[in-house]
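Subject: Structure for you to look at

Hello,

Here is the structure I said I would pass on. Please open it before reading the notes underneath.

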Amino acid sequence: MSIASIMDTRNWFKTIPETRKRKLLASQRDGLWIEVDGQKLLNFASNDYLGLSTHPKVCAAAQDVIKQHGLGSGASRLVSGDDPTMHVLEQSLASWKGFEACLLMGSGMLANIGLIQALADRHTHIFADKLNHASLVDGTRLSGAKVHRFPHLNLQILEEMLQKSDAKKKLIVSDGVFSMDGDVADVAALLALADSYDALLLLDDAHGTGTLGEQGKGLLAQAGLAGHARLIEVGTLGKAFGSYGAYVLGTAEMIEGLRQHMRTLIFSTALPPSLYAGAQVALDLMQTTDVVKQLQNNITYFLAQAKNLPLMPSQTAIQPMLLGKDEDALDASNQLREQGYFVPAIRPPTVPEGSARLRLTLSAAHSQQDIQGMVKALANLG
Ligand SMILES: Cc1ncc(COP(=O)(O)O)c(C=O)c1O
C-alpha cells in the first residue's frame, strides 16, 4: 500500500514547464480555415500542401469505397486486409516515381520504423543526418545498428565516417526536404557517396513529394536519380496526397524482402481502403492538373514578398522563422493568432535546444492575397 502511494499514475512523468508543454489543440478545419478556441484562423500550418484533403473528387472516391467496402480493412495485409486496389496504387506510385516496385504502409512512422528494423541489425552501420525525422531516428534505434550521426547536411564528415567504417552493410539515412527546416539534402552527392562506399541510401521524401519537380515527383526524380539500385525512397500519403498512409519504393527484390521482414507491415492492420482510394485520385490530380504548379508559384510569390523577413534559408513549401527561445516562439505564434493566422511554435525536443521557431507552410490553395496578409503579419511581429 505504502509503495503505491509513492509512485502512481499521477506522478510517473516529470513535470514539464509550461513553455515546453505540447498541447493538443482541438481544432476544426474548413478548407484553408481552422477554428481554434472559437477563433477562425487562416491555416499556414498544414502539410496538406496541395489542398487535396478537401478536394471533392478525392473525398467522393473515399466515400464511394466506404459505401461499397466499409470503413476498416479488418486485418493485416498478410491475413485478409490486402485489397486489389492497393496493388493498383502501388503500381501507379512506382511508375510515377520511376521505381520498380512499391509497398503501401499504414503511416510514415510505421514505414520508417519497420523499414530500418528490417534493413539493419547490430552488424550494420547506419549513417544518419542529425536532423532526420523522429521516425527515422526511432527506426535506427530499434534496429540495434551502430549509428553514426553526421552534422546536418555535412557530407564531408559523412564521408570521413564512411571511410572509417568496416561494416559489410552500410545504410545512409536522410530526409529529402527536412521537415522542420525546409532545406534539402543533396541527393546526388549522397548517392555518389553510397556508390563509392558500397552503401544503400534511404531517402524520406515525405515533404518533397507533391511539392518539388515536375508533377511533384520529388527530389530524386528531379535529380534524375529515381530507380537507382542503391536507393530506397519513403513518402507519406498524409501530406500532399491529402490522405493518410505511406509508401516505400525500391527494386522488386528489395520490396519483396521487405514484405517478408517488415514487422510493422506484418503485425499491423492494413490501411483502410477509403484512404488509398482517395490517394489514387490525388495522384491523378497531380498528374493531370496544374495543382503542383500552383503550389510552386505560391512558393515563388511568398519568397519574393518575404525577401526582407528573417526567414531560415528554404526554397520549399516549409518556411521557418528561427526565434531561439521557446517563449519568443510562443509569443510570435500568439501574435499571429491575434492577426488571424495559424502558425504554430515548434520547440525542443522537436527541434534542437535553443532553436524554437515558427514553422509556416504554404499550400496551393492559398491565394496571393492570403500570402500578402501572412507576410504583413510576420513583418508586424514585435
Ligand atoms: C519526414 C517525415 N517522415 C515521416 C513522417 C511520419 O509520417 P506519418 O505522419 O504518416 O506517420 C513525417 C511526419 O509526419 C515526416 O515529416
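The notes below cover the domains first and then one pair of helices.

Please keep in mind that this is a predicted model.

Domains

The assignment splits the protein into two domains. Domain 1 is made of residues 18-47 together with 290-379, and domain 2 spans 70-271. Taken over C-alpha atoms, the centres of domain 1 and domain 2 are 27 Å apart.

Where the domains touch, 15 residues of domain 1 are in contact with 15 residues of domain 2. On the domain 1 side, the elements that supply two or more residues are α12 and β11 (318-324). Strand β11 gives the largest share of that side, three residues. By class, the domain 1 side of the contact has nine nonpolar residues, five polar and one charged.

Helices α12 and α14

Helix α12 covers residues 291-305 and helix α14 covers residues 368-379. Their axes come within 10 Å of each other and cross at roughly 35°. The crossing of α12 and α14 is right-handed.

Which residues make this contact? From α12 they are N298, Y301, F302 and Q305, and these meet Q368, I371, Q372 and V375 of α14. Sorted by class, the contact between α12 and α14 has four nonpolar and four polar residues, and no charged ones.

Helix α12 therefore appears twice in these notes.

Regards

How values were computed:
Residues numbered from 1 in each chain as written. Predicted model: local features only at pLDDT ≥ 70, side-chain atom pairs only at ≥ 80, totals over all residues. Axes fitted to C-alpha atoms, helices over the stretch in contact; angles between N-to-C directions. Helix = DSSP H or I, 4+ residues; strand = E, 2+ residues; numbered from the N terminus. Left-handed = near helix turned anticlockwise from the far one by under 90°. Contact = placed C-beta atoms within 7 Å. Nonpolar A, V, L, I, M, F, W, Y, C, P; charged D, E, K, R; others polar. Domains from an automatic or database assignment.
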